[in-house]
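Reader: I'd like a close look at one part of this protein: the spot where the aromatic rings meet. Could you walk me through that, and then show me how the rest hangs around it?

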Amino acid sequence: MPSTWGTHARRALCVGAAALLAWCAAGPAVAVDDGAARAADSGPTRAVDDGPAWSVAPSAGAGSRSARDGGRPYFYAEGEPGAVLEDTVSVTNPGARPRTVTLRGAGPSGTGKWLAFAKREVTVPPRTRADVPFTVTVPSGAAPGDHLGEVVARGGGRDERVALRLRVSGPTLSALTVERVRVDAGAGRISYDLVNRGNTVLEPRVAVRAEGVFGELLDRGARKLPLELAPGRRVSLTEPWGGMPALDAVDVKLTVTAGGGVREVGVGSARLVPWPVVSGAAAGVVAVAVGGFVAVRRRRRVEASSER
């Protein structure tokens, strides 16, 4: 006949295993990650001001409308290396007092230094618009493709910015890569990086798919991302994923497209396992087994004492 210890030990292990399975099914998920712009130009920083807000926008000649009213949303220029390009910025003062505004260029990699204004400081009378010409001098050694800059106006303790997009004539290449695709179950999201490897500004679109052991988990059609990706720029982005499974093996695929025939795919994978729950369940199994062993030993001692 089987020993008393063997019977109790088997019962203890069965109880522990049942507890492990129950806790795994009900517990929260923790991801184990094994996958390997500001937007092109941020909006103006506003401060408290006295009176109606002044504004700055690309000029469109007499009767110029601001970008808010359907005018040009940004400056655009195109030319050969060494060219001098011209445009005009309009500063509108709707207030009842004169407004003095200073102008400057800004941009990555020194692009702002390519801008020169007819006036660096302009005083705009009440309820009047001032048009200030400026030039963009393209350096003789400028690389072909898109270069981003800004016209920055400062007055009354705040800045207004208008984007400048300059295309230098020459061969262009539209290209990007999708990197570091990761699944974070704790935060309920997929994270990834986009890198512009070409020399044109890109407006990417992303589609997301995810599959688990038993089939499709996520399928999102392509949508436009709220950013412009400048040449050479890297951005880190996330996709929320509500209802991510607690226990699964997940494969994620991101398809990113953009103008110029860009289409790139990034993939990642993760094993979603509720490790804290599993650890707690394992500890429970050990505790039950030890408890069973101690109970068996006590019973054997009692039986031995009664036989004497």
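Author: Let's start with a term: a residue is called buried when its relative accessible area is under 20%. Phenylalanine 134 comes in at 3% relative accessibility, so phenylalanine 134 counts as buried. Keep in mind that this is a predicted model.

Now for the rings. There are two aromatic pairs in the count. In one of them, the ring centres of phenylalanine 75 and phenylalanine 134 are 5.1 Å apart and the planes meet at 85 degrees, which makes the pair edge-to-face because the angle is over 60. Along the chain these partners are 59 residues apart, with phenylalanine 75 in strand β3 (residues 75-79) and phenylalanine 134 in strand β8 (residues 128-137). Phenylalanine 75 is buried, just as phenylalanine 134 is.

The other pair brings in phenylalanine 117. Its ring centre is 5.4 Å from that of phenylalanine 134, and with the planes at 40 degrees the pair is tilted. Here the separation in sequence is 17 residues, from phenylalanine 117 in strand β6 (residues 115-117) to phenylalanine 134 in strand β8. Phenylalanine 117 has 11% relative accessibility, so phenylalanine 117 counts as buried too. Put together, the ring pairs join Phe75, Phe117 and Phe134 into a cluster.

Another aromatic ring has a charge for company: the charged end of arginine 158 sits over the ring of tryptophan 54, 4.3 Å from the ring centre.

Next, the nonpolar cores. In soluble globular proteins, nonpolar side chains tend to be buried together. The largest nonpolar core here has 28 residues, and Val178, Tyr192, Leu194, Trp241 and Val252 are the ones with the most contacts inside it. At least two residues of this core come from each of β11 (176-184), β12 (189-196), β13 (205-212), β15 (234-240), β16 (248-258) and β17 (262-273). β16 gives the largest share, five residues. Apart from that core lies another, of 26 residues, including Val122, Val124, Val132 and Val162.

Take valine 178 as a way into the largest core. Leaving out residues up to four places away in sequence, valine 178 touches Tyr192, Asp193, Leu194, Leu254, Val256, Glu264, Val265 and Gly266.

Two of those neighbours, Tyr192 and Asp193, are also in contact with serine 236, again leaving aside neighbours within four places in sequence. Serine 236 is found in strand β15, and with a relative accessible area of 56% serine 236 is exposed. The side chains of serine 236 and aspartate 193 make a polar contact at 2.9 Å. Serine 236 also lies 6.6 Å from leucine 194, C-alpha to C-alpha, with their positions 42 residues apart in sequence.

Valine 201 sits in the loop between β12 and β13. At 13% relative accessibility, valine 201 counts as buried. Not counting residues up to four places away, valine 201 touches Asp146, Leu148, Arg165, Asn196, Glu228, Leu229, Ala230 and Pro231.

How far can you trust the picture? The mean pLDDT is 79, and 69% of the residues reach 70 or more. Residues 62-67 have pLDDT below 50, and beyond near neighbours in sequence that stretch has 14 contacts in the model. Residues 281-294 are also below 50, with 10 such contacts.

Notes: Residues are numbered from 1 along each chain as its sequence is written. This is a predicted model: local features need pLDDT of at least 70, side-chain atom pairs count only at pLDDT 80 or more; totals for chains, interfaces and linings use all residues. Side-chain values use heavy atoms; hydrogens and water are left out. A nonpolar core is a set of buried Ala, Val, Leu, Ile, Met, Phe, Trp, Tyr and Cys residues joined through side-chain atoms within 4.5 Å. Buried means under 20% relative accessible area, exposed over 50%, partly exposed in between (1.4 Å probe, protein chains only). Helices (H or I, at least four residues) and strands (E, at least two) are DSSP runs, numbered from the N terminus. Contact means heavy atoms within 4.5 Å. pLDDT is the predictor's confidence in each residue, from 0 to 100. Rings of Phe, Tyr and Trp (its six-membered ring) pair if their centres lie within 6.5 Å; planes under 30 degrees apart count as stacked, over 60 as edge-to-face and the rest as tilted. A charge sits over a ring if NZ of Lys or CZ of Arg is within 6 Å of the ring centre and within 35 degrees of the ring normal. A polar contact is a pair of N or O atoms within 3.5 Å; within protein, one must be able to donate a hydrogen and the other to accept it, and residues adjacent in sequence count only if both atoms are side-chain atoms.
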